[in-house]
Amino acid sequence: MAVHWYPGHMHKAQKEIAEIMPSIDVIIEVLDARIPYSSNNPMIAKLRGDKPFIKILNKRDLADPVITEQWLAYFEQEQGVKAIAVSAKKPEEVKQIIGLCRDLVPHRDQEGKNIRALICGIPNVGKSTTINILADRIVAKVGNEPAVTKAQQRINLQNGVVLSDTPGMLWPKVENENSGYRLAATGAVKDTAMESDDVGTYLVDYLMEAYPELLKARYDLEEFGYTGYDTLELIGKKRGCLRSGGRVEINKAADIVLNELRDATIGLISMETPEMIEAEEIEVEKQRELKADKDKDRKKKAKKRRR
Ligand code: G4P
């Protein structure tokens, strides 16, 4: 799998989250609005039971607003789930989370008790920025490489809400190959074994299909190449990414497109829609079944050999 996933850390995080879950009233999951499915960690939904659940689609300032609306409606189909889109660049948007907690857990408020919220999210979605805004002070480091061991923090927000930061590290669980590319393209996961030309090609392929006008306008292209790779070559030529002899340096062209996606210079772009994901999930399920069958076969053969 191209995106590293650390089962040891996940296991520890899972155990610790399961331990504190009984004393939690509401769960807040921070997601990247450009990739709300791929930046999700399915373990949280599993451990949640039927507790109220707030999904924060952060970095909405970088995402396609039409698709963000689709995601909000999609998430809210589920019982007990409330979803909002925010930009942590605008603290007043993040502060809405407090009101949502109150709406979802009215009994604690009425009894004069603190609402106990657990905040979680994979690295780089903006969890630390969100915590600092809610706490009105710096309690979490922003923009750092995630540390491996991290003590659990409880922060009294002084407004009737006590926030617990998720213990351990949560990593995206990447079973869907497309998710790996999207996490890499948006810069959500830096620690990938993927080459930038592969990720750049994936991205340009996607943009040709989903945002052709933005791509043409940004790179002054009249037409696209036949494939994403061909288009990336055209972009490289336009941007002077050339080796001696006139060959395009694809890695350089890919880095340009990736950086300009990440800071929204190309435009407001979302990398996945609920519709796309529903189709991909069917494929993932098929692959899972295929793998299970193969594993069964392998075990049978090994058993026969041992006899
Ligand atoms: P984490 O705790 O989930 O790992 O994320 P963190 O808050 O550290 O944020 C990761 C990066 O994302 C930071 O940028 C942060 O400024 C940026 N960020 C967080 N929320 C938003 C948002 O709503 N919109 C945009 N555009 N960016 C956001 P960085 O470059 O890594 O650090 P810094 O240079 O900003 O300190």
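Reader: What phi does G240 take, and where does G240 sit relative to α11?

Author: In this predicted model, G240 comes just after α11 and takes a positive phi of about 70°.

Reader: Which residues of α11 are called buried, and what makes a residue count as buried?

Author: Helix α11 spans residues 228-238, and its buried residues are G228, T231, L232, I235 and G236; the word applies to a relative accessible area under 20%. These residues cover an arc of only 150° around the axis, which puts them on the same side of α11. An α-helix has 3.6 residues a turn, so residues three or four places apart point the same way.

Reader: Which helices do the buried residues of α11 pack against?

Author: The partners are α9 (196-210), α10 (212-219) and α12 (250-262).

Reader: Why are α9 and α11 called roughly perpendicular?

Author: The two helices pack at an angle of about 100°, and their axes are 8 Å apart. Angles of 65 to 115 degrees count as roughly perpendicular, and α9 and α11 are therefore described in that way. On the α9 side the contact is made by D197, G200, T201, V204, D205 and M208, while α11 contributes G228, Y229, T231, L232 and I235. Sorted by class, this contact has 5 nonpolar, 4 polar and 2 charged residues.

Reader: How many salt bridges does a search of the whole structure find, and what makes K95 and D136 one of them?

Author: The search finds 20 salt bridges. For K95 and D136, the closest N and O atoms are 2.9 Å apart, and the criterion asks for a side-chain nitrogen of Lys or Arg within 4 Å of a carboxyl oxygen of Asp or Glu, so the pair qualifies. K95 lies in the loop between α4 (91-94) and α5 (96-104), and D136 in the loop between α7 (127-135) and β5 (154-156), so the pair ties together parts that are 41 residues apart in sequence.

Reader: Why is K95 called partly exposed and D136 exposed?

Author: The exposed class begins over 50% relative accessible area, and partly exposed lies between that value and the buried limit of 20%. K95, at 33%, therefore counts as partly exposed, whereas D136, at 63%, counts as exposed.

Reader: How do you know that R239 and E260 form a salt bridge, and what does the pair tie together?

Author: Their closest N and O atoms are 3.4 Å apart, which is within the 4 Å cut-off. R239 lies in the loop between α11 and α12 and E260 in helix α12, so the pair ties together parts that are 21 residues apart in sequence. With a relative accessible area of 31%, R239 is partly exposed, but E260, at 11%, counts as buried. Leaving aside residues up to four places away in sequence, E260 touches R218, Y219, R239, T265 and I266.

Reader: What makes K286 and E283 a salt bridge, and why are they said to be separated by about one helical turn?

Author: The closest N and O atoms of K286 and E283 are 3.9 Å apart, and that value still falls within 4 Å. Both residues belong to helix α13 (residues 274-306), where they are 3 residues apart and so are separated by about one helical turn. K286, at 49% relative accessibility, counts as partly exposed, and E283 is partly exposed as well, with a relative accessible area of 37%.

Reader: Which residues are linked in a network of salt bridges?

Author: D25, R108 and R116 are linked in such a network.

Technical notes:
Residues are numbered from 1 along each chain as its sequence is written. This is a predicted model: local features need pLDDT of at least 70, side-chain atom pairs count only at pLDDT 80 or more; totals for chains, interfaces and linings use all residues. Side-chain values use heavy atoms; hydrogens and water are left out. Buried means under 20% relative accessible area, exposed over 50%, partly exposed in between (1.4 Å probe, protein chains only). Helices (H or I, at least four residues) and strands (E, at least two) are DSSP runs, numbered from the N terminus. The arc is that of the directions from the helix axis to the C-beta atoms. Contact means heavy atoms within 4.5 Å. Axes are lines fitted to C-alpha atoms, for helices over the stretch in contact, and angles run from 0 to 180 degrees between N-to-C directions. Angles under 35 degrees count as roughly parallel, over 145 as roughly antiparallel, 65 to 115 as roughly perpendicular and the rest as oblique. Ala, Val, Leu, Ile, Met, Phe, Trp, Tyr, Cys and Pro count as nonpolar, Asp, Glu, Lys and Arg as charged, and the others, Gly among them, as polar.
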